[in-house]
Amino acid sequence: VVNGSRWLAPWVEVRNDSSLPYSSGSRILTMVLGQQKRTYLARTWLTRRGAFTLGPTRVSTGDPFGIFRSTKDIPFTQTLVVLPLLFEIRSFVFPPGLLSGGQVIRQKSSDITPHAAGVREYVHGDEMKRIHWPTSIRRNHLMVKEFEQDPQAEVWLFLDAQKSVHAEKKHAIDEVPVENMLFGRKPKFQLPPSTLEYSISITASLAHYFLAQRRAVGFVSAGQAFTVLPAERSD
């Protein structure tokens, strides 16, 4: 918080209206001198998955008696995505591969696999991440990598997120004590009593396990939107 004026600001109120549960960015600063800069650190435990806005923020100041007030609203420009809770999976049944011995299938694949077959000229519709930049620079036009099919079977995870097939008990989210944030004591966290939240954590844990095993993982979900993520090894 910077006081760009030459005059003293008796008080400055910073109100954080982020959608994060129990966000702790609000402060009241007193006696902010002219041309002075104040900083502070706000800690918030992330206890709910989802996408949350970082802001908006409202900054207010005025006279010592609070008769006159000046307010400025700063809109949010960034979003924080909180990933689902992961559980450690030590072993799980592997799907069988298409070929024994791990030989490459000599067929072109539209997906990215570990088996690069060569390069070709870029055509409209190719993904930017498939561009091979060293060859493109050397030939002075865009070239993309071609891949062959992976002999290992892909792992596909299907999540039914339809509201009608899930159940949830009423529950209250416990507020994280301030002293836990000050001293870095991580609070105990449990999944809410919701079959959807359990399903999401199970799916995320399985995806994390198979990606750690260098398997290509695909994801399909049907809920408010139909989502298909092609099978890849990238996180």
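Which residue just after H3 takes a positive phi? In this predicted model, that residue is Arg 214, whose phi is about 60 degrees, and the views below begin with the helix that precedes Arg 214.

**View A. Helix H3 and its two ends.** Helix H3 covers residues 195-212, and its 18 residues reach 26 Å from the first C-alpha to the last, close to the 26 Å expected at 1.5 Å a residue. At the N-terminal end the cap is provided by Ser 194, a side-chain oxygen of which lies 3.3 Å from the backbone nitrogen of Leu 196. Just after the helix comes Arg 214 with its positive phi of about 60 degrees.

**View B. The buried residues of H3 and what covers them.** The buried residues of the helix include the polar or charged names Glu 197, Ser 201, Thr 203 and Ser 205, and among them are also Ile 200, Ala 204, Leu 206, Ala 207 and Leu 211. Tyr 209 and Phe 210 belong to the buried residues of H3 as well, and both return in the aromatic view that follows. What covers these buried residues includes strand E10 (155-160), strand E11 (217-222) and strand E12 (226-232).

**View C. An aromatic cluster that involves H3.** The count of aromatic pairs comes to three. Phe 92 and Phe 210 form an edge-to-face pair, with 5.8 Å from centre to centre and 90 degrees between the planes. This pair links distant parts of the chain, since Phe 92 sits in the loop between strand E6 (79-82) and strand E7 (105-109) whereas Phe 210 sits in helix H3, 118 residues apart. The rings of Tyr 209 and Phe 210 have centres 5.3 Å apart and planes at 70 degrees, so this pair too is edge-to-face, the angle being over 60 degrees. Phe 92, Tyr 209 and Phe 210 together form one aromatic cluster. Phe 210 has a relative accessible area of 2% and is therefore buried, and Tyr 209, at 8% relative accessibility, also counts as buried. Phe 92, by contrast, counts as partly exposed because its relative accessibility is 43%, which lies between the limits of 20% and 50%.

**View D. The hairpin of strands E4 and E5.** Strand E4 (residues 57-62) and strand E5 (residues 69-74) run antiparallel and are joined by six bridges. Within this pairing, Ser 60 of E4 stands opposite Thr 71 in E5. The two strands form a hairpin with six residues between them, and in the turn Gly 66 has a positive phi of about 75 degrees.

Definitions and conventions
Residues are numbered from 1 along each chain as its sequence is written. This is a predicted model: local features need pLDDT of at least 70, side-chain atom pairs count only at pLDDT 80 or more; totals for chains, interfaces and linings use all residues. Side-chain values use heavy atoms; hydrogens and water are left out. Helices (H or I, at least four residues) and strands (E, at least two) are DSSP runs, numbered from the N terminus. The expected span of a helix is 1.5 Å times one less than its number of residues. Buried means under 20% relative accessible area, exposed over 50%, partly exposed in between (1.4 Å probe, protein chains only). Contact means heavy atoms within 4.5 Å. A polar contact is a pair of N or O atoms within 3.5 Å; within protein, one must be able to donate a hydrogen and the other to accept it, and residues adjacent in sequence count only if both atoms are side-chain atoms. Two strands pair if DSSP finds at least two bridges between them. Rings of Phe, Tyr and Trp (its six-membered ring) pair if their centres lie within 6.5 Å; planes under 30 degrees apart count as stacked, over 60 as edge-to-face and the rest as tilted.
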